[in-house]
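Me: I'd like a close look at one part of this model, namely the second largest cavity and what lines it. Could you walk me through that, then add whatever else helps me get my bearings?

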Amino acid sequence: MTEAKGSYRRILRSSSIIGGASFINIAIGLLRTKVLALLLGPVGVGLTSLYTGFLLTAGTFTSMGVGTVGTRQIAEAFSKDDERSILVARRAMFWGTMLLAGTGALAVWSLRTILAVYVLGSASHSSAIGWLSLGVALTVAAAAQGALIQGMRRIGDLARLTVYSSVLNTVLGIVLLWRWGNAGLIGFVLIGPLTTFVLGHVYVSKLPKTLAATVSLEEVTREWTTLLRLGLAFVGAGLATSLIQLWIRVDVGRVLGTASLGQYQAAWTISMQYVSFVLTAMASDYYPRLTGVIHDHKAAGRLVNEQTEIAMLLSTPVFIAMMAMAPWVMHLLYSASFTPAIEILRWQVLGDVLKVASWPLGFIILAAGDGKAFFWTETSAWLVTAGLIGMLVPVIGLQITGVAYAAMYAFYLPLVYFLARRRIGFRWSGAVLRLSGIAFATCVGVGIVASFTRWGMLLGCLLAAWFGVFALGRIAHMGEFGGPVGRFGQMVRNFTGEKMS
């Protein structure tokens, strides 16, 4: 088996494990959202998005990038089989995380009244903010646990952690809402980080033990200085992104009302979840692998093209189907009162096509540890979105939130491609260019037809099925699978006349 075929198989294996876990997580998350929508309606969904947005923003700031940078440090040491470096990184992350989690929770609790007024618009939310301080501490601790598991490439444990925490989160969250309604909303938001932390502790305890050696304070301080130096840039980008997202929610709610905010949040939730099976797999295995080869430009470029092609093959049938079935999906997952969110979702699907094409390029910046470039690319992209929404929401209305999302990735994709070219001399392969172009054009066409006629749903489903068959055949060929799978791949190649190799 050639090196390229082995790499494709590894990508497929990790994608199937993490993607399968993400698919289960998506299904469970959609059930949780459905219950929330039915029990509390658009207003409850909107309020939950504000609480969740605040928790994400505070957790991002408090963590100081420990999840992203910690994964990079652990992965780099792991790729060199350097147990001493792994031990030092683990110690630095442990003590640093305890300090950050405690400090962040205390700061949020102490400023709960001020934060309630300026973020949520009323001092009546101060009690809720106080409880969310606990979620901030748990979020930071869970991020460090995830960095250890991911950096040491424990893909199976990462998948199990994702599924089990989602199941517990959903069961306990639904019980809280069913029993207490709006009064259980804060508990509903806090259950997520709590279950992730508890189960994360279980899986971290199963990691291979490093050498029982003494680590000096100087070593820990030096490692923590590296984590903090890179983390500040990453957390700056994450904080800016979270603040912009929170501002968008606040602005939509202020200009168009809480019900419109619920419509926006419904489309946003679906958009974030249905494609996460591909993006999560990318972050879980591809990022640590890319970190290990980032200084070998040829190997890094080959890996980026391989990951992009697999990601597009796996996600394009879903994109096409989502464009066609957006009304049915929205009514199924929420209710008929969420009809205005359908067009937002379709615009976001177009943005997601560009997002999947751009993400492998963005990880080049992360793997190289270029915090400054990461900060400016992420922040500038979200500023494009915020600027469009801020200027045009009063004029166009709710639909501009979807258009702005697509515009963001139309800006972001060429930007990260330019940076990838400059850093490792990267070029897209012909297969990736053709595949991405076909995926985007097909989604645009299906979206237009489905907007004007009911036959668009049938057309989209047929095209999604055809592309799914093509993707399976292409994947079978790339992985050099034998037996029935290999014969199926060859049959599909003969039928389609596929020349992407």
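Reply: Quick bit of vocabulary before we start: helices here are DSSP runs of H or I with at least four residues, numbered from the N terminus. Also keep in mind that this is a predicted model.

Now to the cavity. The structure holds two cavities of 30 Å³ or more, and the second largest has a volume of about 30 Å³. Its lining is made up of I248, Y264, W268, Q348, W382, T385, I389, T401 and Y405. Where do those residues come from? Three helices each supply at least two of them: α9 (258-274), α13 (371-396) and α14 (400-424). Helix α13 gives the largest share, three residues. As for chemistry, six of the lining residues class as nonpolar and three as polar, with no charged ones.

Away from the cavity, have a look at how two other helices meet. Helix α6 (residues 155-180) packs against helix α7 (residues 185-204) at an angle of about 150 degrees, and their axes are 8 Å apart. Angles over 145 degrees count as roughly antiparallel, so that is how α6 runs relative to α7. The crossing of this pair is right-handed.

One last spot to click on is G292, which sits in helix α10 (residues 276-293). Its relative accessible area is 40%; since buried means under 20% and exposed means over 50%, G292 comes out as partly exposed. Along the sequence G292 is 214 residues from F78, yet the two C-alpha atoms are 8.5 Å apart in space.

Methods:
Residues numbered from 1 in each chain as written. Predicted model: local features only at pLDDT ≥ 70, side-chain atom pairs only at ≥ 80, totals over all residues. Heavy atoms only, no water. 1 Å grid on protein atoms, 1.4 Å probe; cavity = no way out; pocket = protein on both sides within 12 Å on 5 of 7 lines; lining within 4 Å. Points joined across faces, edges and corners; volume = space filled by probe spheres on them. Nonpolar A, V, L, I, M, F, W, Y, C, P; charged D, E, K, R; others polar. Buried < 20%, exposed > 50% of the residue type's maximum accessible area, 1.4 Å probe, protein only. Axes fitted to C-alpha atoms, helices over the stretch in contact; angles between N-to-C directions. Parallel < 35°, antiparallel > 145°, perpendicular 65-115°, else oblique. Left-handed = near helix turned anticlockwise from the far one by under 90°.
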